[in-house]
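Student: I have a model to go through with you. Can we take it one element at a time?

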Amino acid sequence: MTSEGELRQRIGSARRVVVKIGSSAITSFGGGIRRAQLDGLADVCQARMAAGSDVFVVSSGAISAGMAPLGMNTRPGTLAAKQAAASVGQLELARAWGDSFARYERVVGQVLLTAADIGRRESAANAQRTLDRLRTLHAVPVINENDTVATNEIRFGDNDRLAALVAHLISADALILLSDVDALYDSDPRRGDATAVSMVGDPSDLDGVVAGAGGPLGTGGMGSKLAAARLAADAGVPVLLTSAERAADALAARPGVGTVFAPRPERMTARRFWVRHAADSRGGVVLDDGAVRAVTGARRSLLLAGVTGIEGMFHFGDVVELRDPAGAVVGRGIAQYDSLEVRTRLAERAAGGEQHGQGRPLVHADDLVAV
């Protein structure tokens, strides 16, 4: 197992780094963008780039940045109001980042993504090529969720997950999550009795850790950061979590900063990662207890014999959710039938008719990931 020192050294020497910056680090209620704080973070990123790393910035704050120009005193609650604020705030953020990096004669390229963009292989590949080309042109990619078109159903949910997906997309060597908390704690640090966790090397290290929700300016929180760290771990990317105030220490890889998360020993294949984390699901199937054990414990293919029900509609090649009898998602996989054919087979079975194709799996083991 990699030691904490080795892991921190790996993050410190990473050539390709994704830096996620939370809303509270660069925006405030009523005041819009906090230019001094944003400039300070640009300074830190520039120092890392001057040292030889490629830095990709995932910047939250579009909605918050748009609130002040629109005269909003509270964070908008409806989707339409959020999208209106984001449409103004995205321009404000892009201008602010552009002005800040222009001090170093660097050009900024804005990249707006939705969950659907990452979930579709073709659009994900296009985004990957765009980001890589910006890098080779020595521009600074500034990435955000495209809040103006994202819906409740296809949102990333927060930019922590977006940052982890981007880290996978560009084969990053490290992911740094900057927020308003200097480390992961085993409970709410505001209560005064919490203990900082310096390293998470295994999911068992999180036993007993209580993760909270996000603050008033953002949608994230410690829970979303833990989920993002797990996602990045599947992609083989080490993670450092700390506060934006300690950004210089984090990007300079000084010891004792924040919490580091170890990646899984073997990086999940791109196909399996896509199935588990990136692809949009197009329906689901309900399994009996035997099939649940087969796909989660033995990692076997899912046969039609283990399917008891269908949810929604899907086609051959779609990613579907696999649910246990209680409805909990236990896996995801690529369907080898469409939903109409599965319903037909289930109806034949219920009527006691002849079954065909039982040896052909609904989801092959190579295309199945337990969750």
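Student: Which strands does helix α3 (residues 35–50) lie across, and at what angle does it run to β4?
Tutor: Helices (H or I, at least four residues) and strands (E, at least two) are DSSP runs, numbered from the N terminus. Contact means heavy atoms within 4.5 Å; axes are lines fitted to C-alpha atoms, for helices over the stretch in contact, with angles from 0 to 180 degrees between N-to-C directions. Helix α3 lies across β1 (16–21), β4 (54–59), β6 (140–145) and β7 (174–179). Its angle to β4 is about 155°.

Student: What pLDDT do local features need in this predicted model?
Tutor: Residues are numbered from 1 along each chain as its sequence is written, and side-chain values use heavy atoms, with hydrogens and water left out. The model is predicted: side-chain atom pairs count only at pLDDT 80 or more, totals for chains, interfaces and linings use all residues, and local features need pLDDT of at least 70.

Student: Which strands are the edges of the eight-stranded open sheet?
Tutor: Two strands pair if DSSP finds at least two bridges between them. The order is β5-β6-β4-β1-β7-β11-β12-β10, with mixed pairing. Each edge strand pairs on one side only. The edges are β5 (108–113) and β10 (199–200).

Student: Which residue of β12 stands opposite valine 239?
Tutor: Strands β11 (residues 239–243) and β12 (residues 259–261) are antiparallel, paired over three bridges. Valine 239 faces phenylalanine 261.

Student: At what angle does α5 run to β5?
Tutor: Helix α5 lies across β1, β4, β5 and β6. With β5, its angle is about 150°.

Student: How far apart are the end C-alpha atoms of α5?
Tutor: The expected span of a helix is 1.5 Å times one less than its number of residues. Helix α5 (residues 79–102) has 24 residues, so it should span 34 Å. The model agrees: the end atoms are separated by 33 Å.

Student: Where is the kink in α5 centred?
Tutor: The bend at a residue is the angle between axes fitted to the seven residues ending there and the seven starting there. The kink in α5 is about 25°. Its centre is valine 88.

Student: Is glycine 89 buried or exposed?
Tutor: Buried means under 20% relative accessible area, exposed over 50%, partly exposed in between (1.4 Å probe, protein chains only). Glycine 89 is in helix α5. Leaving aside neighbours within four places in sequence, glycine 89 contacts Ala62, Ala65 and Gly66. Its relative accessibility is 0%, so it counts as buried.

Student: Which two residues form the aromatic pair?
Tutor: Rings of Phe, Tyr and Trp (its six-membered ring) pair if their centres lie within 6.5 Å; planes under 30 degrees apart count as stacked, over 60 as edge-to-face and the rest as tilted. The structure holds one such pair. It is stacked, at 5.9 Å centre to centre and 25° between the planes. The partners are tryptophan 97 and phenylalanine 101.

Student: Why can residues four places apart in a helix point the same way?
Tutor: Tryptophan 97 and phenylalanine 101 both lie in α5, four residues apart, about one turn. Residues three or four places apart point the same way because an α-helix has, per turn, 3.6 residues.

Student: What is the relative accessible area of aspartate 39?
Tutor: Aspartate 39 lies in helix α3. Leaving aside neighbours within four places in sequence, aspartate 39 is in contact with Ser100 and Arg103. It is partly exposed, at 26%.

Student: What is the average twist in the five-stranded open sheet?
Tutor: The sheet's order is β14-β13-β15-β16-β17, with mixed pairing. Its edges are β14 (307–311) and β17 (368–370). From one strand to the next, the twist averages 25°.

Student: Which residues stand opposite valine 285 in β14 and β15?
Tutor: Strand β13 (residues 281–287) runs parallel to β15, joined by four bridges. With β14, β13 pairs in the antiparallel sense over four bridges. Valine 285 stands opposite isoleucine 310 in β14 and, in β15, leucine 322.

Student: Which residues of β15 point the opposite way from Val319, Glu321 and Arg323?
Tutor: In β15 (residues 319–323), five of five residues are buried. Val319, Glu321 and Arg323 point one way. Pointing the other way are Val320 and Leu322.

Student: Which residue takes a positive phi in the hairpin of β15 and β16?
Tutor: Strands β15 and β16 (residues 329–334) are antiparallel, paired over five bridges. Five residues lie between them in the hairpin. The residue with a positive phi, near 100°, is glycine 327.
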